[in-house]
Amino acid sequence: MIGSREARVLGRFLPAEALRHGCDTIALGIVADHVHIVLRLPSRLDLPRLVQGLKGASSRLVNLDSVAGLRWAKGYEANTVSPSGLNNLVLYVKSQSRRHPGRAIRA
């Protein structure tokens, strides 16, 4: 589960790690049991390596001083979006705590 401390770490780390792989973070939505991230990807990208960096490195970082520990689910889902659908997707991702009020992370 993701608490407020883990969410703060992820909110800083995930965009930085994405940038390290050449990706721009457009939107990030974090709730207690999942994360959505919208990225602008370069034309050539090793997607499994990006996901490994996002999930693996973030769990190591968060788990340095976490009692419960962050555990990512196996696998991932990746989708593309047309330029005309981008704004709706960004709104969807940024509204995760409103969409899942029982899973919203309290400060």
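Helices and strands are DSSP runs, with at least four residues for a helix and at least two for a strand. In this predicted model, the protein chain holds 4 helices and 2 strands. Along the sequence, these elements follow the order α-β-β-α-α-α. The radius of gyration of the protein chain is 14 Å, close to the 13 Å that the globule rule gives for 107 residues, so the chain is as compact as a globular protein of that length. Along the principal axes, the C-alpha atoms fill a box of roughly 40 × 30 × 20 Å.

Contacts and surface were examined next. Among contacts with a separation of 6 or more, 57% join residues 24 or more positions apart. Of the 107 residues, 34% count as buried. The accessible surface of the protein chain comes to about 7200 Å². Carbon and sulfur atoms contribute 53% of that surface.

Charged side chains were also counted. The protein chain carries 16 positive and 7 negative side chains. The centres of the two sets lie 3 Å apart.

One residue, Gln96, was followed in detail. Gln96 is found in helix 4, which covers residues 96-99. Its relative accessible area is 1%. A residue counts as buried under 20%, so Gln96 is buried. Leaving aside residues up to four places away in sequence, Gln96 touches Gly29, Val31, His34 and His36.

Technical notes: Residues numbered from 1 in each chain as written. Predicted model: local features only at pLDDT ≥ 70, side-chain atom pairs only at ≥ 80, totals over all residues. Heavy atoms only, no water. Rg over C-alpha atoms; globule rule 2.2 N^0.38 Å. Buried < 20%, exposed > 50% of the residue type's maximum accessible area, 1.4 Å probe, protein only. Contact = heavy atoms within 4.5 Å. Areas by Shrake-Rupley, 256 points an atom, 1.4 Å probe, with all protein chains shown as cover. Lys, Arg positive; Asp, Glu negative; His and termini not counted. Charge placed at Lys NZ, Arg CZ, Asp CG, Glu CD.
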